[in-house]
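Okay everyone, thanks for coming. I'll put the structure up now, and then we'll walk through a few spots together.

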Amino acid sequence: MAYATVDDLGGYVGTDMVAAYEAKEGTGSAQKALDEASGRIDSYLSRFTLPPAGPVPDLVRACKNIAGYDVMTSIGYANNGADAHFRLRFLDEIRWLEQVASGRLTPPGLETPLPPAPSPFAGVGTFVVSDKPRGW
C-alpha cells in the first residue's frame with residue numbers, strides 16, 4: 001500500500017513529468033515508484049504497527065518526495081539548477097526517516113510504537129554459557 005497517490009505525485013513533480021515518466025518507463029511505473037518509496041519508508045518504521053490506521057500526512061509527504069526524486073532522476077533534471085530541490089527534499093526525507101527510526105521523532109498518526117520484545121533471559125539471574133562441560 002503506497003502512502004501517496006499518483007495524483008499526489010503529479011501535484012509535486014507535475015502531471016507532465018508523471019506522463020513523461022510513464023511514457024519512458026511504462027504504464028503503471030508512477031504507481032510502482034510510489035510503492036517502492038513506501039517500502040523504503042516502511043523499512044524505517046519497524047518500531048511501529050503498520051500499516052497505520054489512517055492517512056499520515058508526514059508519510060504522504062515523504063512518499064511523494066522520495067518517489068518524485070526517482071521520477072525526476074529517471075527522466076532527467078538539472079541537478080544544480082532549478083530542480084536541485086528534488087534532491088535536497090529527498091535527502092531531507094531520508095534524514096527525517098532516520099530520526100523517526102531512532103526514536104527521536106514520532107510522526108502524528110504513528111503514536112503507538114510496538115513495545116520492545118521481552119528478553120528470553122529476563123528474570124533468569126546469572127548464568128554461564130560454555131561450549132562443553134569440563135568436569136572440574
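So, let's start with helix H1, residues 6-13, where the buried residues are Leu9, Gly10, Tyr12 and Val13. Those four span an arc of only 160° around the axis, so they sit on the same side of H1. If you want the background, an α-helix has 3.6 residues a turn, so residues three or four places apart point the same way. And keep in mind, please, that this is a predicted model.

What do the buried residues of H1 pack against? They pack against helix H2 (15-25), helix H3 (29-44), helix H4 (57-75) and helix H5 (84-102). Flip to the face of H1 turned away from that buried side, and you'll find the exposed residues Asp7 and Gly11. Right after H1 comes Gly14, and its phi is positive, near 105°.

Now, Val6. This one is also in H1, but is it buried, exposed or partly exposed? Val6 has 28% relative accessibility, so it counts as partly exposed, because the buried class is under 20% and the exposed class over 50%. Skipping residues up to four places away in sequence, Val6 touches Val18, Ala30, Gln31 and Leu34. Its C-alpha is 9.9 Å from that of Ala67, and those two residues are 61 apart along the chain.

Last stop, Ser38, over in helix H3. Ser38 has a relative accessible area of 2%, so it's buried. Leave out its neighbours within four places in sequence, and Ser38 is in contact with Met1, Ala2, Tyr3 and Cys63.

Okay, that's my tour. Over to you.

Note on methods:
Residues numbered from 1 in each chain as written. Predicted model: local features only at pLDDT ≥ 70, side-chain atom pairs only at ≥ 80, totals over all residues. Heavy atoms only, no water. Buried < 20%, exposed > 50% of the residue type's maximum accessible area, 1.4 Å probe, protein only. Helix = DSSP H or I, 4+ residues; strand = E, 2+ residues; numbered from the N terminus. Arc of directions from axis to C-beta. Contact = heavy atoms within 4.5 Å.
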